[in-house]
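Below are my notes on the model you sent, as numbered points. They start with one strand residue and its surroundings, then turn to the chain as a whole and its charged pairs.

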Amino acid sequence: MFVSPSAVDRFVAQAPAGWQWPARTLAGGTGPGTARALGAAGVPAECIVSPGVDSPWLDSEALWALLRDRLSWHGERALIVRGEGGREWLADTLRAEGAEVSFVTAYRRSAPRLGEQGSRLLGQALALPDAHLWLLSSSEAVQQLPALLAGQSLARSQALATHPRIAA
């Protein structure tokens, strides 16, 4: 299971020359972007399991709804390729079904370092909140905001969150 296109890219970048996706091995992804990255990496379409563009949710729960009945998970092995840390929901669910779960940390998340242009844009967004919209696409990114804002408030700002967990 791959949590993002970045997880696919970083995993495949470490593969030895001539590597091919193992036959009949499912490759799960949490959404269409991850499915496209898997296809671009050479994973056969019939092995890719992912919520489609029409899915109301693009997360582990939506992926599990597609995987749940594909196999009897007892005794199966699952590998979750993700960034450092991350949610345990799918791993816990797979373990409860009897699967052996391992993880590969494909990348590490860290606080952004704003350059001059980024600092200027942040200042503009804080000074003119009606003219800007924040796009919140990661719970980890939201957790980094207080340090980035240095005590300034987003109370007058508008934001769009890509998932209810992120909004919460």
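**Notes on the model**

1. Leu 160 lies in strand β6. Helices (H or I, at least four residues) and strands (E, at least two) are DSSP runs, numbered from the N terminus. At 46% relative accessibility, Leu 160 counts as partly exposed; buried means under 20% relative accessible area, exposed over 50%, and partly exposed in between (1.4 Å probe, protein chains only).

2. The model is a predicted one: local features need pLDDT of at least 70, side-chain atom pairs count only at pLDDT 80 or more, and totals for chains, interfaces and linings use all residues. Residues are numbered from 1 along each chain as its sequence is written, and side-chain values use heavy atoms, with hydrogens and water left out.

3. Which residues share a nonpolar surface patch with Leu 160? They are Leu 133 and Leu 135, and the patch comes to about 320 Å². Patches are made of residues with over 30% relative accessible area and no salt bridge; like charges are joined within 9 Å, and nonpolar side chains (Val, Leu, Ile, Met, Phe, Trp, Tyr) within 5 Å. Accessible areas come from the Shrake-Rupley method with a 1.4 Å probe, and for residues only the protein chains shown count as cover.

4. Leu 133 and Leu 135 belong to strand β5 (residues 133–136), where the side chains alternate. Both point to one face and are not buried, while Trp 134 and Leu 136 point to the other face and are buried.

5. Strand β5 runs parallel to β6 (residues 158–161), and four bridges join the two; strands pair if DSSP finds at least two bridges between them. The connection from β5 to β6 passes through helix α6 (residues 139–149), and this β-α-β crossover is right-handed. Right-handed here means that, with the strands pointing away from the viewer, the path from the first strand over the helix to the second runs clockwise. Across the pair, Leu 133 stands opposite Gln 158 in β6.

6. Two backbone values deserve a look. Most residues other than glycine have a negative phi. Ala 150, in the loop between α6 and β6, has a positive phi near 50 degrees. Its relative accessible area is 64%, so Ala 150 is exposed. Arg 24 also has a positive phi, near 65 degrees, and is placed in the loop between α1 (5–13) and β1 (27–28). With 78% relative accessibility, Arg 24 counts as exposed.

7. What is the order of elements in the chain? From the N terminus on they run α-β-α-β-α-β-α-β-α-β-α-β-α, with seven helices and six strands. The C-alpha trace spans about 55 × 35 × 25 Å along its principal axes.

8. The chain has 168 residues, of which 32% count as buried. Its accessible surface comes to about 10600 Å², and 52% of that belongs to carbon and sulfur atoms. Of the contacts (heavy atoms within 4.5 Å) between residues at least 6 apart in sequence, 56% join residues at least 24 apart.

9. How many salt bridges does the structure hold? There are four, a salt bridge being a side-chain nitrogen of Lys or Arg within 4 Å of a carboxyl oxygen of Asp or Glu. One of them joins Glu 61 and Arg 87, with the closest N and O atoms 2.6 Å apart. This pair links distant parts of the chain, 26 residues apart: Glu 61 is in helix α3 (residues 60–67), and Arg 87 is in the loop between β3 (77–83) and α4 (89–96). Glu 61 is partly exposed at 27% relative accessibility, and Arg 87 is partly exposed at 36%.

10. Another salt bridge sits within helix α4, where Asp 92 and Arg 95 are three residues apart, about one turn of the helix. The N to O distance is 3.3 Å. Asp 92 is partly exposed, with a relative accessible area of 44%, and Arg 95 is partly exposed at 38%.

11. In helix α5 (residues 116–127), Glu 116 and Arg 120 are four residues apart and therefore separated by about one helical turn. They form a salt bridge with the closest N and O atoms 3.5 Å apart. Glu 116 is exposed, with a relative accessible area of 65%, whereas Arg 120 is partly exposed at 44%.
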